Amino acid sequence: MKPPAGTSAGPAIPTGAVRPDTPEVEFATTDPDRAERYLTDLYGTDIKISRYDADYHFRHSWLGQGPLHIATMHHLATSEYRLQPLADLGISRIHRGVRTVFDPDDRYVTGDLILLAQPGEPHHSRSTNVTAAAALVPMRAAADAARNGPDDPLPPLRFASLGPARPADARTWLQAFDYVADSLRANPQTMAQPLLAGAASRLLAAALLTAFPNSWTRAPGPQRHDRTDATPTTLSRAVVFIDANADLDISAVDIARAAHVTVRALQLAFRRHLDTTPMAHLRAVRLDHAHKQLRAASPGDGTTITDVAARWGYANPSRFTARYRQVYGHTPSHTLRS
C-alpha cells in the first residue's frame with residue numbers, strides 16, 4: 001500500500017545514519033525538506049533540493065543491506081538536486097521522465113543508463129517526472145575488480161563519459177543489475193549474508209568497469225612473470241588459504257595476496273594444475289561446507305535449505321539444489337531429512 005503523502009512507511013531512518021538496519025525501506029513525502037533529510041541520512045552526503053514545483057512528490061524504495069543496495073526513486077514534478085561526492089559509485093537507469101545533468105550539460109531520457117557523477121565530484125541535476133532504478137557499487141569492489149597485482153597502485157578513477165560507450169556495454173551492466181535485483185527481491189534478507197553481498201558487489205563492479213570506459217580498465221592477457229609464477233607452490237598456498245577462509249567474504253584479489261602472486265598468475269595456476277578457476281574451487285569448498293551443515297542438522301533445530309544456501313553463497317535455492325544434486329547425487333532436502 002502506498003503511504004499517504006507526507007508520511008513514511010516502514011522503519012524510520014535515524015538522523016545521521018548512512019545505511020538502514022533493515023533490508024527494505026519505503027519512504028514518501030510531499031515536503032522537499034523531509035526528502036532532503038531522508039536522502040542526506042541515507043546516502044551519507046549533503047543533498048539539496050531546490051526549484052521544485054508546488055505539486056512536488058517524492059517516493060523512494062530501498063532494497064538491500066550493508067554496502068550494496070538497489071533503490072527505486074520517483075521524483076514527481078520538476079526539481080533540482082545537488083549532492084556532494086558519494087563514497088560509492090552510483091549508476092541509474094531512467095524508466096520515465098527527463099534528467100538533465102549539469103557540468104557536463106547532458107540530457108537523459110527513458111531507457112538511458114548513467115553514472116550519477118565522476119568519482120569524487122559533486123552531482124547537480126534537474127529531474128522532471130523521473131522514475132529511475134539505481135545501484136551503489138562500493139569503491140573497494142571496483143578496485144578489486146580492476147587490480148591484477150593485489151597491492152598494485154591505481155590511478156584516480158575517471159570515466160570517459162557518464163554513459164556507456166555502446167548499447168552492448170549497457171546490456172552488460174543491465175544483465176548484472178537485473179540478476180542482483182531479482183535475487184534481492186526474491187529474498188531481501190539473504191543479502192545480509194556476507195558471502196552473497198560480497199559476490200554481488202564484485203559482480204556489479206566488474207560489469208560497471210566493463211560497461212563504462214575508464215582509467216582502471218585492465219589490459220588483457222597475462223604477463224611473462226604471471227606464467228612463471230603459476231606454480232604448484234602458488235596453487236598450494238591458494239588452496240590452504242581458501243580452505244581456511246571459505247566462510248569469509250574473500251575475493252580473487254585476497255587469494256592472490258595470500259599466494260604472493262598476481263590475480264592472473266593465480267588463475268593460470270588453477271587452470272594449469274587443477275583445470276578449474278580459483279573462484280570455482282572456492283565454490284566447491286563452500287558447497288562441501290553446506291553439505292556438512294545439512295548433515296549435522298537436527299530435527300527441529302530450524303535449519304532450512306534457503307538459509308544454508310545463503311550462508312554459503314547461493315542467492316537462489318533452486319540453483320543450490322541443482323548444483324548439490326549434481327555433486328552428491330541427491331537433493332539437499334534428502335540430506336536434511338536423513
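How many helices and strands does the chain have? In this predicted model, the chain has 12 helices and 9 strands. A good place to start is the overall form. For 338 residues, a compact globule would be expected to show a radius of gyration near 20 Å, and the chain comes out at 22 Å, which agrees. Taken along the principal axes, the box filled by the C-alpha atoms is roughly 65 × 55 × 35 Å. Of the 338 residues, 47% count as buried. The chain exposes about 16200 Å², and carbon and sulfur atoms supply 52% of that area. Among contacts with a separation of 6 or more, 71% are made by residues 24 or more positions apart.

From the whole chain, the description now turns to the interior. In soluble globular proteins, nonpolar side chains tend to be buried together. Here, the largest nonpolar core holds 43 residues, and those touching the most other members are Ile91, Val137, Trp173, Phe177, Leu204, Leu208 and Phe212. At least two residues of this core come from each of strand S6 (89–101), strand S8 (113–115), strand S9 (123–137), helix H2 (139–146), helix H3 (167–186) and helix H4 (194–211). Helix H4 gives the most, with 9 residues. Leu204 offers a close-up of the core: apart from its neighbours within four places in sequence, Leu204 is in contact with Leu68, Val137, Trp173, Ala176, Phe177 and Val180.

Several of those partners lead directly to helix H3, where Trp173, Ala176, Phe177 and Val180 are among the buried residues. The buried set of H3 also includes Asp169, Ala170, Leu174, Ala181, Ser183 and Leu184. What do the buried residues of H3 pack against? Their partners are strand S4 (57–63), strand S5 (69–83), S6, S8, S9 and H4. The helix itself has 20 residues and reaches 28 Å from its first C-alpha to its last, close to the 28 Å expected at 1.5 Å a residue.

Helix H6 (residues 232–245) can be read in a similar way. At 1.5 Å a residue, its 14 residues should span 20 Å, and the C-alpha atoms at its ends are indeed 20 Å apart. Which residues of H6 are buried? They are Thr234, Leu235, Ala238, Val239, Ile242 and Asn245. Viewed down the axis of H6, these buried residues fall within an arc of 150 degrees, so they line one face of the helix. Pro232, Val240 and Ala244 are exposed on the other side of H6. The cover over the buried residues of H6 includes helix H7 (252–259), helix H8 (263–274) and helix H9 (278–296).

Some individual residues also deserve a visit. Strand S9, already met as a contributor to the core, contains Arg126 and Asn129. Arg126 counts as partly exposed because its relative accessibility is 25%, a value between the 20% and 50% cut-offs. Leaving out neighbours within four places in sequence, the contacts of Arg126 are Arg51, Thr78, Ser79, Glu80, Val98, Arg99, Thr100 and Phe102. Pro164 lies 38 residues from Arg126 along the chain, and the C-alpha atoms of the two are separated by 21 Å. Asn129 is likewise partly exposed, at 37% relative accessibility. Although Asn129 is not a glycine, its phi is positive, at about 50 degrees.

A positive phi also appears at His260, which is not a glycine either and has a value of about 65 degrees. His260 sits in the loop between H7 and H8, and with a relative accessible area of 60% it is exposed.

Is Gln118, in the loop between S8 and S9, buried or exposed? Gln118 is buried, with a relative accessible area of 9%. Not counting residues up to four places away in sequence, Gln118 touches Arg158, Phe159 and Leu162. Between Gln118 and Asn316, 198 residues apart along the chain, the C-alpha separation is 34 Å.

Definitions and conventions: Residues numbered from 1 in each chain as written. Predicted model: local features only at pLDDT ≥ 70, side-chain atom pairs only at ≥ 80, totals over all residues. Heavy atoms only, no water. Helix = DSSP H or I, 4+ residues; strand = E, 2+ residues; numbered from the N terminus. Expected span 1.5 Å × (residues − 1). Buried < 20%, exposed > 50% of the residue type's maximum accessible area, 1.4 Å probe, protein only. Arc of directions from axis to C-beta. Contact = heavy atoms within 4.5 Å. Rg over C-alpha atoms; globule rule 2.2 N^0.38 Å. Areas by Shrake-Rupley, 256 points an atom, 1.4 Å probe, with all protein chains shown as cover. Core = buried A, V, L, I, M, F, W, Y, C linked by side-chain atoms within 4.5 Å.
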